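Grab your viewer and work through these exercises with the coordinates loaded. Try each task yourself before reading the solution under it.

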Amino acid sequence: EIGAKILNSNKLQKRIVFVYNKNAKKNFLKGTENLTKRQIVIYGEDYKFIEDDNELAGYIAREIASAYRSYDGIFGGWLSSVKMKAAPKKYELVFDKLAVDYMVEANYNPVALITLINKTCPQTRQDTFSHKNLTSKRLAYIYERIYKNYPYYLENNEYIENEHYQNFLLNSQENRNKLEEQIKNKDFKKKVKYE
């Protein structure tokens, strides 16, 4: 129901199905397996971390952003899938931002995406040679999207007492200061370099 609500609220006119698989583990090597089938699999190993509908919406919205992108391009999305594989860090951030937008449009709290990622995605030592961004960088971009476009959710933050959100606040002070400095100086053309 949450997946269908996100699709309908955002008027996403491509068919995507949602499957729960309690036993299978996500295969990161295959990457676009679910994209070519245009299905979203919610794996039991991920689901055990989800505490409420907002976090589930965050998980699903993030996967919808990725799956929906696979519809674009020639050859039924094949070229889009190749582009995503060639620049996974770029698209990872794009999908995170889209997930925030999708969640808000469907009346889910996007702060839940911060709590979900903070507890499910470990921080790597560096991201120079990795195919993934630092988790702290992803969280900073998600926070920036909410801060700039949907400040209501931060002003009326139902997750303020959540331990995972508190941990995010504790560990993101430097990135949040960079964002606030940019806003104070109204220097929106210069991209903030998050760590």
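**Exercise 1.** Where is the place of Asp101? Once you have found it, decide whether Asp101 is buried or exposed, and list its contacts beyond the local sequence.

*Solution.* Keep in mind that this is a predicted model.
- Step one: Asp101 sits in helix H6, which spans residues 88-105.
- Step two: its relative accessibility is 16%. The cut-off for buried is under 20%, so Asp101 counts as buried.
- Step three: skip the neighbours within four places in sequence, and Asp101 is left touching Asn10, Arg145, Asn149 and Tyr150.

**Exercise 2.** Now run the accessibility check on Glu174, and work out how many residues and how many Å separate Glu174 from Glu195.

*Solution.*
- Step one: look in helix H11, residues 173-184, and you'll find Glu174.
- Step two: the relative accessible area is 48%. Partly exposed covers the range between 20% and 50%, so that is the label Glu174 gets.
- Step three: go C-alpha to C-alpha, and Glu174 and Glu195 are 8.5 Å apart in space, with their positions 21 residues apart in sequence.

**Exercise 3.** Describe how H1 and H4 pack, starting from angle and distance.

*Solution.* Two numbers get you going: packed helices are described by the angle between their axes and the distance between the axes.
- Step one: for helix H1 (residues 2-9) and helix H4 (residues 53-69), the angle is about 60° and the axes are 9 Å apart.
- Step two: angles of 65 to 115 degrees would be roughly perpendicular and those under 35 roughly parallel, so H1 and H4 are oblique to each other.
- Step three: the handedness of this crossing is right-handed.
- Step four: H1 brings Ile2, Gly3, Ile6 and Leu7 to the contact, while H4 brings Asp53, Leu56, Ala57, Ile60, Ala61 and Ile64.
- Step five: sort those by class and you get 8 nonpolar, 1 polar and 1 charged residues.

**Exercise 4.** H7 packs against H8 and also against H10. What is the orientation in each case, and how many residues of H7 are buried?

*Solution.*
- Step one: H7 and H8 make an angle of about 175° with axes 10 Å apart, which makes H7 roughly antiparallel to H8.
- Step two: that contact uses Val111, Leu113, Ile114, Ile117 and Asn118 of H7, plus Thr135, Arg138, Leu139, Ile142, Tyr143 and Ile146 of H8. The split is 8 nonpolar, 2 polar and 1 charged.
- Step three: the axes of H7 (residues 111-120) and H10 (residues 163-171) come within 9 Å and cross at roughly 85°, so H7 is roughly perpendicular to H10.
- Step four: here H7 offers Val111, Ile114, Thr115, Asn118 and Lys119, and H10 offers His164, Tyr165, Asn167 and Phe168. By class, that's 4 nonpolar, 4 polar and 1 charged.
- Step five: 9 of the 10 residues of H7 are buried, with Lys119 and Asn118 among them.

**Exercise 5.** Which residues touch the most other members of the largest nonpolar core, and which element supplies the largest share?

*Solution.*
- Step one: the core holds 51 residues, and the best-connected ones are Ile6, Ile60, Ile64, Tyr102, Ile114, Ile146 and Tyr165.
- Step two: several elements supply at least two residues each, including H1, strand E2 (39-43), H6 and H10.
- Step three: H4 has the largest share, 9 residues.
- Step four: zoom in on Ile6. Leaving out neighbours within four places in sequence, Ile6 contacts Ala57, Ile60, Ala61, Ile64, Tyr102, Ala106 and Tyr108.

Terms used
Residues are numbered from 1 along each chain as its sequence is written. This is a predicted model: local features need pLDDT of at least 70, side-chain atom pairs count only at pLDDT 80 or more; totals for chains, interfaces and linings use all residues. Side-chain values use heavy atoms; hydrogens and water are left out. Axes are lines fitted to C-alpha atoms, for helices over the stretch in contact, and angles run from 0 to 180 degrees between N-to-C directions. Helices (H or I, at least four residues) and strands (E, at least two) are DSSP runs, numbered from the N terminus. Angles under 35 degrees count as roughly parallel, over 145 as roughly antiparallel, 65 to 115 as roughly perpendicular and the rest as oblique. Contact means heavy atoms within 4.5 Å. Ala, Val, Leu, Ile, Met, Phe, Trp, Tyr, Cys and Pro count as nonpolar, Asp, Glu, Lys and Arg as charged, and the others, Gly among them, as polar. A crossing is left-handed if the near helix is turned anticlockwise from the far one by less than a right angle, and right-handed if clockwise. A nonpolar core is a set of buried Ala, Val, Leu, Ile, Met, Phe, Trp, Tyr and Cys residues joined through side-chain atoms within 4.5 Å. Buried means under 20% relative accessible area, exposed over 50%, partly exposed in between (1.4 Å probe, protein chains only).
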